[in-house]
Structures are given as C-alpha cells and as structure tokens.
Amino acid sequence: MSRPVTPPLHDDAALHALHAQALQQVSPVTLARLRSARHAAAPRRSRAHGWWMATACSAVAALALGYSFTANPPSAPATPTVASAVDDSSDVLDENPDLYVWLGTTDLAME
C-alpha cells in the first residue's frame with residue numbers, strides 16, 4: 001500500500017493526482033454500486049421541473065380568476081317578491097295618517 005500524497009492547499013494538479021490515486025484504491029464492485037446509485041437518482045432531478053411548472057400554472061390560473069372577480073364582481077340574484085295570500089290586515093298600518101285627519105273633520109265618518 002502506497003502512502004497518500006499530501007498536496008499543498010491550492011495546487012489543483014496535486015488534488016487531481018490524489019483523486020486518481022483514491023479511485024485506484026476503490027474496488028470495482030463499489031464503483032459499480034456508486035454508478036448505479038447515481039443513475040437511479042438522476043430521473044428525480046428531471047421530475048422537479050414538472051412540479052415547478054404545475055405550481056406556476058396553478059398560480060397564474062388563481063391570479064387570473066381573482067382578477068376576474070375583482071374586475072366584474074358577481075351580482076347578488078334578485079329576490080322574487082311573493083304576494084301574501086292571507087289577508088292579515090297589515091296594510092292598515094301602511095296607510096296615510098292624513099286620511100284619518102280628513103275623516104275626523106268631515107261628517108262622512110258619522111254617516
């Protein structure tokens with residue numbers, strides 16, 4: 001077994017040499033396992049773009065929908081008027097009080 005080379009801190013060529021020496025000491029079985037693990041993890045990176053695209057499209061759709069509601073706010077539906085079928089004489093309270101003043105001043109109310 002050879003002694004590892006200790007390169008200076010900023011010497012790039014020495015670091016490459018040390019890396020090459022370390023690769024020679026790794027067994028071919030370990031290298032094969034590392035390659036297969038690296039290739040198995042590669043498709044996960046490509047799927048990340050799909051999530052970003054889906055998120056961006058849903059955000060654009062939400063903004064467009066929100067803008068359409070602020071530009072043309074929905075109007076409340078008109079409530080239909082329902083005529084009362086039962087005569088409960090509640091319209092007596094809605095009459096003009098001047099009618100009673102006029103009736104009190106004339107003799108028509110006594111006839």
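**Close-up views of a predicted model**

**View 1. Meet L99, a residue in helix α3.** Helix α3 covers residues 98-105, and L99 is part of that run. Remember as you look around that this is a predicted model. So is L99 buried, exposed or partly exposed? L99 counts as partly exposed, because its relative accessibility is 38% and that class lies between under 20% for buried and over 50% for exposed.

**View 2. L99 shares a surface patch with Y100 and W102.** These three residues make up a nonpolar patch on the surface. Put together, L99, Y100 and W102 have about 320 Å² of accessible area.

**View 3. Three helices, zero strands.** Follow the chain along its sequence and you'll read the pattern α-α-α. How much of the chain is buried? Just 2% of the 111 residues fall in that group. The accessible surface of the whole chain adds up to about 10500 Å², and carbon and sulfur atoms account for 65% of that surface.

**View 4. How confident is the predictor, from α1 to α3?** Helix α1, residues 12-25, has the highest confidence in the chain, with a mean of 86. Confidence is lowest in α3, where the mean is 76; that's the helix where you met L99. For the chain taken as a whole, the mean pLDDT is 76, and 66% of the residues get to 70 or more.

Key: Residues are numbered from 1 along each chain as its sequence is written. This is a predicted model: local features need pLDDT of at least 70, side-chain atom pairs count only at pLDDT 80 or more; totals for chains, interfaces and linings use all residues. Side-chain values use heavy atoms; hydrogens and water are left out. Patches are made of residues with over 30% relative accessible area and no salt bridge: like charges are joined within 9 Å, nonpolar side chains (Val, Leu, Ile, Met, Phe, Trp, Tyr) within 5 Å. Accessible areas come from the Shrake-Rupley method with a 1.4 Å probe; for residues, only the protein chains shown count as cover. A salt bridge is a side-chain nitrogen of Lys or Arg within 4 Å of a carboxyl oxygen of Asp or Glu. Helices (H or I, at least four residues) and strands (E, at least two) are DSSP runs, numbered from the N terminus. Buried means under 20% relative accessible area, exposed over 50%, partly exposed in between (1.4 Å probe, protein chains only). pLDDT is the predictor's confidence in each residue, from 0 to 100.
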